[in-house]
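Hi everyone, thanks for coming. Today I'd like to walk you through one structure, and please stop me whenever a term is unclear.

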Amino acid sequence: MSSFLIRCAVISEQKELEALQLRASLTNTGDRDALLAHPDAIELPIDQIAAGAVFVSERNGEIVGFAALLPRPDGDVELDALFVDPDIRRCGVGRSLVDHCVQMVRAQGSAALCVIGNPYAFDFYTACGFTAVGTTATRFGPGLLMRKMV
Ligand SMILES: CC(C)(COP(=O)(O)OP(=O)(O)OC[C@H]1O[C@@H](n2cnc3c(N)ncnc32)[C@H](O)[C@@H]1OP(=O)(O)O)[C@@H](O)C(=O)NCCC(=O)NCCS
């Protein structure tokens, strides 16, 4: 298998990334109905891409996953999005995107990367070194807040 390249997303990729997000999210079977009822939940703001806070993983020129970061008011950084193409799961794409985000967070001097963990991704985040630190309100109900020191 050829290797993956991680780079900053560009604005012209917004729709492609939103389509990937939808494809990836629909594999979380319990989320399907809510997602199909609220398609506006799939949104990758152009500002976030323009800020250089969205990173794509590509293989042979094809985007296979992406991650997005947002600053948090407490000084930590939030992993605001992480999606991997369903056809290429368990190949290390998600973990390498987390590793890349950790390097970004470290470089900007923050102490930790946080994520509001989807229950379907709990084992993945645990494998990547995140631990549960509490719950937090989300649009669709309480979410599990997980944190990883960088
Ligand atoms: C969660 C997600 C990003 C993981 O991406 P991935 O590229 O398949 O993950 P990796 O291959 O890097 O997995 C790294 C490790 O995490 C764990 N892991 C990953 N997926 C797992 C699963 N479905 N069940 C149990 N453990 C899992 C494993 O320990 C894995 O290592 P291994 O394959 O050597 O056993 C991907 O499944 C996805 O896009 N899911 C849908 C969207 C989503 O829920 N995103 C999270 C939003 S909070």
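I'll talk about the ligand and then about the cysteines.

A word on the ground rules: this is a predicted model, where local features need pLDDT of at least 70, side-chain atom pairs count only at pLDDT 80 or more, and totals for chains, interfaces and linings use all residues. Residues are numbered from 1 along each chain as its sequence is written, and side-chain values use heavy atoms, with hydrogens and water left out.

So, what surrounds the ligand? There are 19 residues around it, counting a residue if one of its heavy atoms lies within 4 Å. Val-84, Arg-90, Gly-92, Gly-94 and Arg-95 are the closest.

Now look at the ligand's oxygen atoms. One is 2.8 Å from a polar backbone atom of Gly-94, and an oxygen is also 2.8 Å from a polar backbone atom of Arg-95. Of the 930 Å² of accessible area that the ligand has on its own, the protein covers 75% (Shrake-Rupley method, 1.4 Å probe).

Which element gives the largest share of the shell? That is H5, with four residues.

On to the cysteines. The structure holds zero disulfides, a disulfide being a pair of cysteine sulfur atoms within 2.5 Å. For Cys-101, the nearest cysteine sulfur, that of Cys-8, is 10 Å away. Cys-114 has its closest cysteine sulfur in Cys-101, and at 13 Å that is too far for a bond.

Are these two buried or exposed? Cys-101 is buried, at 0% relative accessible area, and Cys-114 is buried at 1%. Buried here means under 20% relative accessible area (1.4 Å probe, protein chains only).

Technical notes
Buried < 20%, exposed > 50% of the residue type's maximum accessible area, 1.4 Å probe, protein only. Polar contact = N/O pair within 3.5 Å; in protein donor to acceptor, adjacent residues only side chain to side chain. Helix = DSSP H or I, 4+ residues; strand = E, 2+ residues; numbered from the N terminus.
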